[in-house]
Amino acid sequence: MRTAYSVESVRAGERVVMDRGPEGVLMQRAAAGLAAECARLLGKVYGARVTLLVGSGDNGGDALFAGARLARRGAGVSAVLLAPERTHAGGLAALRAAGGVVVDADGERAEGLVGRAGLVVDGIVGIGGRGGLRERAARLVAAVRDAVVVAVDLPSGVDADTGEVHGEAVRADVTVTFGAYKPGLFIDPAREYAGVVRLVDIGLELGEGEAEALQFADVERLLPVPGGESDKYRRGVVGIVAGSARYPGAAVLAVAGALRGGAGAVRYVGPAADAVIARFPEALVSAGPPSKAGRVQAWVVGPGLGDDAERLGEVLGADVPVLIDADGLRLAGERDVRARRAPTLLTPHAGEAAALLGVAREEVEAGRLSAVRELAGRYGATVLLKGSTTLVASGEGPVRVNPTGTPWLATAGSGDVLSGLAGSLLAAGLDARDAGSVGAYLHGLAGRHASNGAPVGAQDVADALPAVWREVRRS
């Protein structure tokens, strides 16, 4: 599990280390890790051109001390100071002693040094920064040509706690972060600015995180694998209420996701029965109502449902976990969801989330973390917010961030497959938070596996799920 911590938590952890250790110990640890990563990226340090963009805080100090280490190994290191009167004095002295060049950001040489550099280190603003880059900093960043850009702790201009980006920000190739991951390094839009993230351990002791990302081992541990005594009921029977005369394909794809996701059996209820049984003869189909379909351990309702509020209402009244997607989100009332005793998992994309919150889609996309938390609180449910970074939030614990997403999943019907997959995991006994986050993880891997860099359809993603299961199990 990769865990991200708030700025407040990181600051508290830093204070503990600083109280126990010698002065400057944290900065020296950070600078050593930063210098090592820069050297790895350069390959040959001697003779390399390195330019540091240095702000006024400890972030700039980290860059200066790292630059001094590179200069002592023969790199030509220049520091461009954005706040000369407030630059970290110790770091500045170390760089000068190592033979580094120091210039003012307003000087004529500054942009030229940036443009000629082979590696640019962004030490402009630290984790406490708010808002986008100031004009002078933005001008220097725009002067970067072919250099590798390394961000110190996080790219300047992004919000460490939320992943929001307000204005201009540094687009890094690599971010070297210290002590702990920050939520902004996991969550879009800021995640796209971070590039590859490298964590340097500087000895912090931290409590509960704000966000976390499952890894292979976590998913393997959570996967419901059948044993010798398993039958279709022990493996989980999921009911699918989806599809309509206009959208029969949504039903087929949701059933595909459930079957390929490991369900012991799938009971389909709705008007697309002929299409479902033609594609999946193992499905158990029924015209309805849901209460007459037979035993299930979880329901999935909504994909391609149209305006069938009656079937939705019957599913919401069931005493088993329910996943609500697509049209179901539009039809389900907040009070009805909150009144449920059994777990509920909502799976909106940004547009659907915006409609539920009564805001513009752009607001949700710009503030994904706050949006998913607000939805979970309003509905008293677990919420899986689909998108460039899929987030899963419930009333307790850190928000889960899915690390396996791919743009190739932005295709019609992909969300229907995810609904069936996550529904099968609910039926197998995973709680809503685990079902949503494991489902998103497997769905992302399936998208990558199916596409291999080429366009794919939703059915291709569903068909790739068995291979993904094998891949995770082998890990």
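## Worked exercises on a predicted model

Helix 15 is followed by Gly-358, a residue whose phi is positive, near 75°. The exercises below concern a predicted model.

### Exercise 1. The surroundings of helix 15

Determine how many of the residues of helix 15 are buried, and which elements those residues pack against.

Solution. Begin with the extent of the helix, which covers residues 350-357, and count its buried positions: 6 of its 8 residues are buried, so helix 15 is largely enclosed by the rest of the structure. Next, identify these positions, which are Ala-350, Glu-352, Ala-353, Ala-354, Leu-356 and Leu-357. Finally, look for what covers them: the buried residues of helix 15 pack against helix 13, helix 16 (361-366), helix 17 (368-379) and strand 16 (382-385).

### Exercise 2. Helix 18 and its packing on helix 20

Describe the span and burial of helix 18, and then work out how its axis is oriented with respect to helix 20.

Solution. Helix 18 runs over residues 414-427, and the distance from its first C-alpha to its last is 20 Å, close to the 20 Å expected for 14 residues at 1.5 Å a residue. The helix is mostly covered, since 14 of its 14 residues are buried. Just after helix 18 comes Gly-429, which takes a positive phi of about 115°.

For the packing, take the two axes: helix 18 and helix 20 (residues 458-474) pack with their axes 8 Å apart, at an angle of about 30°. Because angles under 35 degrees count as roughly parallel, helix 18 is roughly parallel to helix 20. The crossing of helix 18 past helix 20 is right-handed. On the side of helix 18 the contact involves Ser-414, Val-417 and Leu-421, which meet Ala-458, Ala-462 and Leu-465 of helix 20. Sorted by class, this contact has 5 nonpolar residues, 1 polar residue and no charged ones.

### Exercise 3. A second helix pair

Find the angle at which helix 3 and helix 4 pack, the hand of their crossing, and the residues that meet.

Solution. Helix 3 (residues 58-72) and helix 4 (residues 89-97) pack at an angle of about 15°, and their axes are 8 Å apart. This makes helix 3 roughly parallel to helix 4. Helix 3 passes helix 4 in a left-handed crossing. In the contact itself, Leu-64, Phe-65, Gly-67 and Ala-68 of helix 3 meet Gly-90, Gly-91, Leu-92, Ala-94 and Leu-95 of helix 4. By class, the residues of this contact divide into 6 nonpolar, 3 polar and no charged.

### Exercise 4. Backbone geometry in the loops

Locate the cis peptide bonds before Pro-189 and Pro-289, and place Asp-153 and Ala-326, with their positive phi values, in the fold.

Solution. As background, most residues other than glycine have a negative phi, and most peptide bonds are trans. The bond from Asp-188 to Pro-189 is cis, with omega near 10°, and Pro-189 is placed in the loop between strand 7 (174-178) and helix 7 (191-194). Gly-288 and Pro-289 are likewise joined by a cis peptide bond, with omega about 0°, and Pro-289 is found in the loop between strand 12 (284-286) and strand 13 (298-301).

Turning to phi, Asp-153 has a positive value near 75°; this residue is found in the loop between strand 6 (148-152) and strand 7, and it is buried, with a relative accessible area of 8%. Ala-326 has a positive phi near 50° and lies in the loop between strand 14 (322-324) and helix 13 (327-331). With 18% relative accessibility, Ala-326 counts as buried, because the cut-off is under 20%.

### Exercise 5. Two buried residues and their contacts

For Leu-82 and Ala-432, state where each is placed and which residues each contacts, leaving aside neighbours within four places in sequence.

Solution. Leu-82 is placed in the loop between strand 3 (76-81) and helix 4, and at 10% relative accessibility Leu-82 counts as buried. Apart from those sequence neighbours, Leu-82 is in contact with Leu-53, Val-54, Ala-105, Ile-124, Arg-136, Ala-137 and Leu-140.

Ala-432 is found in helix 19 (residues 432-451) and counts as buried at 7% relative accessibility. With the neighbours within four places again left aside, Ala-432 is in contact with Pro-343, Thr-344, Leu-345, Thr-382 and Leu-426. As a last step, consider Ala-381, which is 51 residues from Ala-432 in sequence and 8.7 Å from it in space, C-alpha to C-alpha.

Terms used:
Residues are numbered from 1 along each chain as its sequence is written. This is a predicted model: local features need pLDDT of at least 70, side-chain atom pairs count only at pLDDT 80 or more; totals for chains, interfaces and linings use all residues. Side-chain values use heavy atoms; hydrogens and water are left out. Helices (H or I, at least four residues) and strands (E, at least two) are DSSP runs, numbered from the N terminus. The expected span of a helix is 1.5 Å times one less than its number of residues. Buried means under 20% relative accessible area, exposed over 50%, partly exposed in between (1.4 Å probe, protein chains only). Axes are lines fitted to C-alpha atoms, for helices over the stretch in contact, and angles run from 0 to 180 degrees between N-to-C directions. Angles under 35 degrees count as roughly parallel, over 145 as roughly antiparallel, 65 to 115 as roughly perpendicular and the rest as oblique. A crossing is left-handed if the near helix is turned anticlockwise from the far one by less than a right angle, and right-handed if clockwise. Contact means heavy atoms within 4.5 Å. Ala, Val, Leu, Ile, Met, Phe, Trp, Tyr, Cys and Pro count as nonpolar, Asp, Glu, Lys and Arg as charged, and the others, Gly among them, as polar.
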